[in-house]
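Got your viewer open and a selection box ready? Let's take a walk through this one, stop by stop.

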Amino acid sequence: MFEYALSVMIFLPILAGLLLLLCPVSKGAARAIGFIISVVILFIGIEIFLGFSGKSGMEYVEHHSWIPSLGVNYALGIDGISLLVLVAATFLFPMVFSVFKTKTKGFYGNLLLAQGAMIGAIAATDLILFYVFWEIMLLPIFFMIGIYGGEKRLPATLKLTIYTIAGSLLMLAALIYVGTSYHEQFGKWSFNIADLSALSLGGGFAVLAFLMFMVAFAIKIPLFPFHTWLPDGYTEAPTSATFVLSAIMAKIGVYGVIRFVIPVFEIEFTRFAVLFSLLGVAGMMYCGLAAIAQKDMKRMLAFSSASHMGIIALGVFCLNVQALAGSLFQIIAHATSTGVLFLFVGLMEERLENRDIDSLGGIAYRAPVFATFFAIAMLASVGLPGTSGFIGEFLIILGAIKFSSFIGFLAGTTLVIGVCYMLWMFQRVFFEKSKESTDSFADLTTGEILTFVPVILLIIGMGIFPQSFLEKIEPTAQQHIAQISAVSQSQVADTTVQNPGHNNHKN
Amino acid sequence: MEHSANYLGLIPLLPLTGALVIGLLHMMTCTGKPLPEKLYSTLACIGPLLSFFMALVVFFHLRDMAPEDRFLSHIAFTWFAIGDLHVDMGFLADPLSALMLIFVSFIGSLIHIYSIGYMAGDENYGKFFAYLNLFLGSMLILVLGNGPVVMFVGWEGVGLCSYLLISFYTKDTDNVLAGNKAFIVNRIGDLGFVLGMSFLFWAIGSGGFDYLSLKENTHLLTPGIGFAVCLLLFVGACGKSAQIPLYVWLPDAMAGPTPVSALIHAATMVTAGVYMVARFSFIYAHVPAAGTIVAWVGILTALLSAIFGMFQKDIKKILAYSTVSQLGYMFAGVGLAAYSAGIFHVFTHAFFKALLFLGAGSVIYALHHQQDIWKMGGLKKKMPTTYATMLIGALALAGCPPFSGFFSKDEILFSALASGHPGIWFIGVTVAGMTAYYTFRMIFLVFHGKPRDQEAYDHAHEPPPVMTVPLIILAAGAAFAGVLNLPGIFGGHMSVSHWLAPSLVEHHPHASVWVELFAMLASIAAVVVGITIAYKKFSQGAEEPVFTGFAKFGYHKFYVDEIYNAVFVQPYKAIGSLISRIFEPNVTDIHVKLSTWIYKKCGKGFKVLQVGYVRVYAIYMVIGLSLMSFFLSQSIN
Amino acid sequence: MIHDYLILSVILFCLGILGVITRRNVFTVFMSIELMLNAANLAFIVFSRVHESMDGHVLAMMVMAVAAAEAALALAVVILLHKHKGKLDTNVFSLLKG
């Protein structure tokens with residue numbers, strides 16, 4: 001059965017989602033179906049995670065010809081890079097179904113579609129297949145925000161959709177360029193990423209194509225200054241959609257960079273690494289500073305999420321194995337911390353119909369369990385040791401220091417910036433005098449506690465036993481870094497040959 | 001293996017388990033009927049007491065080993081390993097950490113017992129003990145960690161507990177703000193720690209990132225990187241141990257319950273910075289210049305906070321500034337490579353400062369949360385035990401022979417003189433005089449003279465034994481702990497220094513006995529002068545003065561908080577709102593705005609053609625068709 | 001000989017176009033369109049003669065049928081237009097103005 005595990009994980013939710021959309025089903029039944037499907041996916045995901053051997057190659061491979069004349073294949077596979085993103089995409093969905101009871105059938109259907117498409121994008125090893133899932137992913141999000149969002153949802157939806165589609169079109173163009181270059185160099189068509197990494201590109205066109213790819217992913221991540229769709233989008237989206245966007249979809253942007261950009265454009269990547277890592281750091285600081293001024297809790301978390309994504313992106317551009325592994329680890333750590341914070345805000349919104357920080361207060365006295373869970377997720381998001389957030393942030397900062405002391409120092413400020421806005425928000429919402437608006441706040445029900453306990457345990461467990469995750473990532477990360485450094489070293493060798501006097505001066 | 005000791009991991013684990021159990025119990029029941037206090041206090045005291053017991057086992061185990069071979073270690077599991085980086089969740093007990101271990105778990109246990117009485121009747125009784133246990137567990141991890149990263153776990157853990165306990169009475173905004181301030185300032189320090197660790201790793205960490213391996217590889221460290229590492233780590237120490245410029249959080253931290261001030265903000269957590277510098281003595285010894293900076297920052301902090309301490313009126317603030325000041329001494333000691341002197345001062349300070357805080361707690365408890373010393377007076381008769389024990393504590397803090405503070409402080413001042421830093425020595429002696437002055441100002445105003453608030457005085461009474469017994473035990477420690485490190489001049493053997501020697505890279509300055517005697521007499525003279533002035537001014541019931549001039553400046557702590565607020569906090573918020581109001585919608589979004597603008601302009605341009613009359617569209621069609629057929633006919637020919 | 005017929009057809013077609021473009025009455029425009037159709041029919045018949053096949057005739061018959069159907073529909077539309085605005089001036093119907 002596990003030969004086709006990935007296909008099942010992709011198409012089970014997609015088919016179920018379509019069925020839900022087409023058939024007349026009651027709201028409760030839709031939610032139940034969604035929950036069951038996502039739990040099934042979760043179990044397959046756990047099985048894949050446990051069965052994954054971590055020997056730096058693709059596992060669970062599926063390979064079928066799709067458009068033979070263009071060498072396009074239906075090719076799936078999982079390696080150390082995609083494993084954790086996949087786990088994040090499987091682990092978090094059941095929570096959405098179990099926590100939010102009030103949505104309609106269409107919403108649950110779209111949620112399932114989104115899950116299937118995301119898993120597809122994560123598992124695809126063929127560029128065209130990836131692109132197809134990448135685009136499908138956007139559709140359910142479009143409907144979820146556009147139909148079920150907040151008051152100003154329409155402008156936010158339009159901005160998000162047009163922005164991302166513009167990026168995707170750039171990627172499509174670059175993708176065609178990559179495909180034709182492969183055809184020119186090897187005389188046959190292929191979009192398989194393993195084949196494409198043999199490609200040696202050069203010249204202005206390669207730089208252009210690289211930048212087009214990067215812009216597409218930077219919009220999705222979102223990397224400063226392409227993040228401007230995010231605050232409105234995250235705020236107006238229904239909380240579960242925000243959760244999907246921040247916990248998983250943003251991660252697929254980072255994943256795309258690691259999976260498709262690094263192997264194909266090694267030279268360009270090394271050349272622009274400083275620029276992009278500066279963008280990552282700038283985004284982290286900029287969004288972190290913006291977060292402190294927010295009055296809406298969800299908007300504050302949106303900026304906080306963008307700020308953390310800056311750090312995760314930075315880890316990818318630092319070109320060493322610690323930072324890369326840190327980024328991959330932080331992908332799931334961030335999904336469990338900030339993602340869960342979004343869910344908590346969603347719960348508060350359902351109970352109080354209010355997200356304004358200043359009008360809240362004293363929730364900790366009404367709802368100690370909720371406050372404790374919130375605090376744990378918050379501490380993970382500010383990177384307290386013993387929680388999942390620390391390992392990732394520490395590895396990224398460590399790697400950034402190796403890359404450049406200056407960037408490393410700036411990256412380190414995330415420790416301070418994050419804690420400032422989080423603590424201030426926590427103080428105003430959970431402590432101080434309780435206000436009328438929060439008097440009726442009910443603590444988590446048993447069902448909700450049962451839903452969140454696994455994630456809270458995961459947050460702490462990942463902080464204490466990260467090695468079981470890291471050991472699966474490491475071989476692939478090593479391989480990636482080795483590939484880059486081999487290429488960049490041959491570049492260095494070329495330049496030293498051109499300037500033979502160079503070495504003598506140093507001695 | 002000879003050096004492995006599995007039970008090391010249990011030492012921090014016990015209080016942590018206690019914290020988990022108590023925390024869960026409290027969380028589940030706090031909105032309903034609370035559980036009996038006895039249950040919480042029993043659960044809370046088991047962990048610390050067992051840890052103390054095991055600390056003693058560790059101590060005796062180490063004592064039986066050969067001095068140069070004294071260490072125990074336990075690797076619980078590989079925490080994380082990527083590339084060259086290999087971090088174990090491991091614990092190391094050597095003489096240095098064993099000493100810290102003993103006094104941390106001992107004072108921790110005492111304060112747990114004291115809190116049973118002090119916190120009685122509080123609605124968050126369970127929460128308090130959960131936090132206190134969590135703190136002790138983190139502190140023990142900090143002390144026992146076998147490498148910088150594990151130490152950092154405890155380091156941040158104690159910071160978190162400090163935040164939670166400072167803002168313990170969360171209904172008051174000021175308390176929460178004080179907690180936030182502590183956490184954020186500590187985080188600034190932690191930034192230095194993380195950066196320092198990272199540099200250290202890339203320089204010499206690839207052979208193993210624990211103290212023993214790092215110590216072996218120290219010779220690989222270039223002076224430049226070593227200097228940077230030392231300074232960055234010291235930034236971390238500044239944050240945790242409240243040194244210039246990051247000391248501002250500690251006085252505000254007194255917002256927490258008094259046992260917390262005693263345990264966290266006087267005896268244990270704030271000395272973590274000193275411990276860290278001593279722990280990295282092998283690196284600091286490598287770059288003496290960095291050590292000198294540490295020493296100067298320390299002694300200047302001592303001076304500054306002694307000045308502040310002379311003008312405060314809140315009994316806990318006075319003690320807080322005295323803590324900052326004593327921490328300054330410790331840094332002066334470890335900065336000048338007199339690590340054992342610094343650590344010994346940490347040790348004695350823990351006793352007398354915990355004693356003073358708990359004594360102050362008794363006074364506050366007796367006077368129903370009155371903390372203003374100008375509203376106290378004459379309590380000597382009402383609270384004899386508290387008075388006697390606090391007097392011992394005050395004498396020890398002032399550095400009066402033969403109490404413990406005298407020996408440890410004198411050791412630091414002597415090494416300043418002997419290692420050729422007369423400036424540091426001179427400031428140190430001055431601060432000793434000032435310390436004696438403000439300590440006895442407090443003692444005289446609280447216990448001597450006539451009561452200033454008769455009603456509060458009438459209700460005052462000695463607290464229950466569960467609170468006084470810890471005071472007496474601590475007083476015994478404060479009085480006699482100095483004997484443990486008696487210098488040769490008094491016929492002692494410097495036992496603590498010898499005990500610590502294998503863990504530290506230390507070079508003792510050699511100076512003549514006359515220099516030692518001179519240093520000692522000078523500090524005794526300073527202390528006598530300080531106490532005399534305090535006696536003259538305050539023993540006979542002085543009235544609260546109105547501060548003017550320099551005194552007012554000192555009372556307002558040189559307006560440092562206000563300056564920080566104006567220079568850092570307000571601009572930070574201003575930048576935040578500037579970004580979210582102006583930059584985000586207008587500047588950063590410019591490329592999106594620009595492209596929509598271009599689209600709109602283009603649309604307006606083409607709009608001219610859309611006149612709405614069918615016949616005009618027909619003209620376009622005709623023109624288009626004619627052009628098409630023209631070009632087609634061209635291409636055919 | 002053939003040329004003359006073709007030229008006549010072109011003239012008719014151009015007249016039709018001119019009518020569509022310049023006249024504002026809906027009926028005149030409609031009649032001009034019919035004129036263009038008939039010009040096309042004439043051309044079909046001519047070419048049918050030239051190639052000596054019946055295809056052109058067939059097409060011409062077809063165009064006539066379509067034109068008849070179109071006339072029926074168009075007249076109905078025109079009546080609706082008149083009902084709507086009370087006028088048959090094409091300038092009144094400018095909803096597509098940008």
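How many residues from chain B and from chain C does the contact take? Select both chains and you'll find 10 residues from chain B and 10 residues from chain C. On the chain B side, pick out helix 26 (residues 614–636), which gives the largest share, five residues. Colour that side of chain B by residue class and you get six nonpolar, two polar and two charged. Keep in mind throughout that this is a predicted model.

Now bring in chain A. Two pairs of chains are in contact, and chains A and B share the most contacts. Chain A and chain C, on the other hand, do not touch, with 23 Å between their nearest C-alpha atoms.

Zoom to where chain A meets chain B: 45 residues of chain A are in contact with 43 residues of chain B. To see what chain A brings, select helix 12 (266–292), helix 14 (321–352), helix 16 (368–381), helix 17 (388–403), helix 18 (405–412), helix 19 (414–430) and helix 21 (467–498) of chain A; each supplies at least two residues of the side that touches chain B. By class, that side of chain A holds 30 nonpolar, 10 polar and five charged residues.

While you're on chain A, select helix 2 (residues 27–51). Its 25 residues reach 36 Å from first C-alpha to last, close to the 36 Å expected at 1.5 Å a residue. Show its buried residues, among them Ala30(A), Arg31(A), Ile37(A), Leu42(A) and Ile48(A). What do the buried residues of helix 2 of chain A pack against? Turn on helix 1 (5–22), strand 1 (59–67), strand 2 (72–78), helix 3 (80–91), helix 4 (93–99) and helix 5 (105–123) of chain A, and you have their partners.

Next, chain B by itself. Its C-alpha trace spans about 120 × 65 × 55 Å along the principal axes, and its secondary structure comes to 26 helices and two strands. Of its 637 residues, 56% count as buried. If you draw a contact map, look off the diagonal: among contacts in chain B between residues at least 6 apart in sequence, 81% join residues at least 24 apart. The domain assignment gives chain B a domain 1 (361–555) and a domain 2 (566–636), and the C-alpha centres of these two lie 76 Å apart.

Click on Ile22(B), in helix 1 (residues 10–29) of chain B. Why does Ile22(B) count as buried? Because it has 27 C-beta neighbours inside 10 Å, and 20 are enough for that label. Beyond its neighbours within four places in sequence, Ile22(B) is in contact with Tyr40(B), Leu43(B), Ala44(B), Gly126(B), Phe129(B), Ala130(B) and Asn133(B).

Jump to helix 14 (residues 315–335) of chain B. Here 21 of its 21 residues are buried. Its end C-alpha atoms are 30 Å apart, which agrees with the 30 Å that 21 residues should span at 1.5 Å a residue. The helix is followed by Ala337(B), which has a positive phi, near 70°.

Last stop: the nonpolar cores. The largest has 431 residues, and Ala88(A) and Ala354(B) have the most contacts inside it. Centre on Ala354(B) and, leaving out residues up to four places away in sequence, you'll see it touch Ile107(B), Ile111(B), Ala262(B), Leu263(B), Ala266(B), Ala267(B) and Leu474(B). Then hop to chain C for a second, separate core of five residues, including Ile17(C), Val20(C), Val29(C) and Phe30(C).

Note on methods
Residues are numbered from 1 along each chain as its sequence is written. Chains are lettered from A and ligands numbered from 1 in the order in which they are written. This is a predicted model: local features need pLDDT of at least 70, side-chain atom pairs count only at pLDDT 80 or more; totals for chains, interfaces and linings use all residues. A nonpolar core is a set of buried Ala, Val, Leu, Ile, Met, Phe, Trp, Tyr and Cys residues joined through C-beta atoms within 7 Å. A residue is buried if 20 or more other C-beta atoms lie within 10 Å of its own, exposed if 12 or fewer, and partly exposed in between; C-beta atoms are placed from the backbone. Two residues are in contact if their C-beta atoms, placed from the backbone, lie within 7 Å. Helices (H or I, at least four residues) and strands (E, at least two) are DSSP runs, numbered from the N terminus. Ala, Val, Leu, Ile, Met, Phe, Trp, Tyr, Cys and Pro count as nonpolar, Asp, Glu, Lys and Arg as charged, and the others, Gly among them, as polar. The expected span of a helix is 1.5 Å times one less than its number of residues. Domain bounds come from an automatic or database domain assignment.
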